[in-house]
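Dear colleague,

I am passing on the structure below, and my notes on it follow. Please read them with the model open beside you.

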There are 2 protein chains.
Amino acid sequence: MSKLRFTISVSLDGFVAGPDQSVEEPLGRGGEQLHEWAVRLRSWRQAHGLEGGAVEDDDENDNKVMRESIANVGATIMGRNMFGGQPGPWDRTEPWRGWWGKDPPFRHPVFVLTHHARESLGFDNGTSFTFVTDGIESALDRARQAAGYQYVNIGGGADVARQYLGADLIDELELHLVPVLLGGGTRLFDGAGSDLHGLELLRTLTGDGVVHLKLARGLR
Amino acid sequence: MSKLRFTISVSLDGFVAGPDQSVEEPLGRGGEQLHEWAVRLRSWRQAHGLEGGAVEDDDENDNKVMRESIANVGATIMGRNMFGGQPGPWDRTEPWRGWWGKDPPFRHPVFVLTHHARESLGFDNGTSFTFVTDGIESALDRARQAAGYQYVNIGGGADVARQYLGADLIDELELHLVPVLLGGGTRLFDGAGSDLHGLELLRTLTGDGVVHLKLARGLR
């Protein structure tokens, strides 16, 4: 059965986004620092349809971790806000198709947790968005069917990941710990309680200004 | 000039002590998990006057980090609460001498930040407690004089460390990151703002159920 995985960049003080998130600054103040290690990698840029990437600066461990996180993913689950929140009034003339435009960087089925049923969306590059209204376990069942033996990724947000963690359903959790302080914003573990639900430290890899901590269940 | 260092164990969700701290449970609920990696080390036990230690389970990196944190320390600075808070009524017949009894595990001068002047205390093993009422910079000056070319350690609590961090005075910060959740308690970086004051990641070492992250200033 395919494993459920969540990977996310987090600051030293535990935030996955900075304070004062807005449409202009969706990662909040300072939040872009969490992703600098990733966006300079050629592997990340290729997956997002971008050219270039500072290959000479690519860190071996960062690349290894990024390639792992992109490869062998058969489906993604995300929350409504990650899909794109409510469209602005300028979009109302046609159905809202999410933040990503015509080439969403998934290329596999995506299951969006929502309370509002709507028809699925398909894209030429293999991405589809299916809207799931009957809960996280149903979404996981459907994502696993779509993924076959590949991973199911949780695409965020942190609240969705905490729901799966709390339901004992996360098999792998990889934190990209970035040594900066954000001083406020969205905490990864806020309200997660004091139970890691069987997840234990499996691996630590140090990259260029980031430490990759991989936790997994069932190591013993 | 001697460097100012702070080392502390912290949970994956950013706590240095669990919820509901009390005299009976000074580390709060679950807080003892943060120190399990340390207390089983022979190096830690020797420094605290204890026998034994599960030598066969000693992790090489854990030992390296622990030996570093014990060696070459010439003075310690701590807050009033770390020294021992207020004595209970059973102690009022003689001057309160802190939590540690007759053999405090320092064996060097300790400077206690407080608002209440009192005479210094000396112990046979080389430990002394000097009470400093004129602020953190004065305490650091005196600790540096006492330490010579050795380190000055911040003995805690987190609030004292944050004051020195905010004043640009910490040279090295080592976090022993323990992959557990405490779900509440004392946050290391609460109120620290979004500035690491020049500290950058210098080294990562993975131990037995703990990851040691060393940050230092002036790497570039």
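Chain A is superposed on chain B by a rotation of 180 degrees with 0.0 Å of shift along its axis, at an RMSD of 0.0 Å, where the fit is by least squares on the C-alpha atoms of residues with pLDDT of at least 70 in both copies. That is the relation of a two-fold axis, and Gly14(A) is the residue of chain A that comes closest to this axis, its C-alpha lying at 3.2 Å.

This is a predicted model, in which local features need pLDDT of at least 70 and side-chain atom pairs count only at pLDDT 80 or more, while totals for chains, interfaces and linings use all residues. Residues are numbered from 1 along each chain as its sequence is written, and chains are lettered from A and ligands numbered from 1 in the order in which they are written.

Within chain A there is an open sheet of 9 strands with mixed pairing, in the order 5-6-4-3-7-1-8-11-10; strands are DSSP runs of E with at least two residues, numbered from the N terminus, and two of them pair if DSSP finds at least two bridges between them. The edges are strand 5 (121–122) and strand 10 (199–206) of chain A, each of which pairs on one side only.

Strand 3 (residues 73–79) of chain A has 5 of its 7 residues buried, meaning that 20 or more other C-beta atoms, placed from the backbone, lie within 10 Å of a residue's own. Strand 3 of chain A pairs in the parallel sense with strand 7 (residues 151–156) of chain A over 5 bridges, with Val152(A) as the bridge partner of Ala75(A), and also in the parallel sense with strand 4 (residues 109–113) of chain A over 4 bridges.

Best regards

Key
A residue is buried if 20 or more other C-beta atoms lie within 10 Å of its own, exposed if 12 or fewer, and partly exposed in between; C-beta atoms are placed from the backbone.
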